[in-house]
Amino acid sequence: MKRLATVQDLSCLGKCSLTVALPVISAMGIECAVLPTAVLSTHTGFPGNTCLDLSGELLPMARHWHSLGVHLDGISTGYLANAAQCQQVAELLSLFPGVPLFVDPVMGDNGKLYRGMAPEFPRAMARLCARASVILPNLTEAALLIGRPYPNSPDQGQLEAILEELLALGCDSVVLTGLEQGDLIGVAVQTRGQAPAFHFAPRVPKSFHGTGDIFSAVTVGSLLRGFGLSAAAQAAASFVATCLQAADPTQEPYGVPFETCLPLLWKGL
């Protein structure tokens, strides 16, 4: 069985980050080892929350794994609590050389940096993205990574330029999410040296916290199971759409009912 280490926060209420990644990756037949970056009472979509920063524990935990001779097939990152943790993940890679890194550069949405993140955070995240096999930013995060203004309704030419600038950071491949075209929503994927590919599907008219984390988990899990990049992104988009269709809008802060959809994910594999 393959083993993925995922580095992100534990939000104790509200389905996102580790409470999404652990069950989704496990349901895909991959062992999921966790390195929590912080423990939050709720995700930041709730009004206020407590937050315990675990920066002091990340590398000691990783070094313990290394002392045990633990083998990893991949390392993925989600929410990192501060710029210093970006550097800690880079140090983690030195303990497990040759292991591919998948970075979801969780920083913002709707053109804005998330609450509590320092202005220098995007630069630190860009340096981490340079070490990645695949990065999975949304359009806001892409703009923050490359230092561009947030693009409202970019056309295909603008998106292709953004993809090229993201690849210029140093990563091997990009999955750019949250692209809107009328009633369609989609992703763009590009690997260095290849032409970009765009995939669109009808948009489910619902919005919930945690769907980006589900998308990242399914994409990374699919890649570890041998899917190509486009197929992995399409599988993830399809599963997110299934979860959204089953969601109750009155439960928006708590996330989508992905748990009841996991059998469909396994069947799709």
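Modeller: Let's begin with a word we need: contact means heavy atoms within 4.5 Å. Please keep in mind that this is a predicted model.

Colleague: Thanks! Leaving aside neighbours within four places in sequence, which residues is Met125 in contact with?

Modeller: With those neighbours set aside, Met125 is in contact with Leu80, Cys86, Val103, Pro105, Val106, Met107 and Leu145. Met125 is also one of the residues with the most contacts inside the largest nonpolar core, as are Ile75, Ile135, Leu166 and Leu176. That core has 48 residues, and helix α4 (residues 121-129) gives the most to it, with six residues. Apart from it lies another core, of 36 residues, including Leu229 and Cys243.

Colleague: Let's turn to charges. What makes Glu259 and Lys15 a salt bridge?

Modeller: The closest N and O atoms of Glu259 and Lys15 are 3.3 Å apart. The cut-off is 4 Å, so the pair counts as a salt bridge. By this rule the count comes to four salt bridges.

Colleague: Why is it said that Glu259 and Lys15 tie together parts apart in sequence?

Modeller: Glu259 lies in helix α9 (residues 258-268) and Lys15 in the loop between β1 (3-11) and α1 (18-27), so the pair ties together parts that are 244 residues apart in sequence.

Colleague: Why is Glu259 called partly exposed?

Modeller: Its relative accessible area is 39%. Buried means under 20% and exposed means over 50%, so Glu259, in between, is partly exposed. Lys15 has 22% relative accessibility, so by the same cut-offs Lys15 is partly exposed as well.

Colleague: How do you know that Glu165 forms a salt bridge with Arg148?

Modeller: The closest N and O atoms of Glu165 and Arg148 are 2.6 Å apart, and that is within 4 Å, so the rule is met. This pair links distant parts of the chain, 17 residues apart: Glu165 is in helix α6 (residues 156-167) and Arg148 in the loop between α5 (139-146) and α6.

Colleague: And what makes Glu180 exposed?

Modeller: Glu180 has a relative accessible area of 54%. That is over 50%, so Glu180 counts as exposed. Its side chain meets that of Arg203 in a salt bridge (3.0 Å, N to O). Glu180 lies in strand β9 (residues 173-181) and Arg203 in the loop between β11 (197-202) and α7 (211-224), so the pair ties together parts that are 23 residues apart in sequence.

Colleague: Is Arg203 buried, partly exposed or exposed?

Modeller: At 30% relative accessibility, Arg203 falls between 20% and 50%, so Arg203 counts as partly exposed.

Definitions and conventions: Residues numbered from 1 in each chain as written. Predicted model: local features only at pLDDT ≥ 70, side-chain atom pairs only at ≥ 80, totals over all residues. Heavy atoms only, no water. Core = buried A, V, L, I, M, F, W, Y, C linked by side-chain atoms within 4.5 Å. Buried < 20%, exposed > 50% of the residue type's maximum accessible area, 1.4 Å probe, protein only. Helix = DSSP H or I, 4+ residues; strand = E, 2+ residues; numbered from the N terminus.
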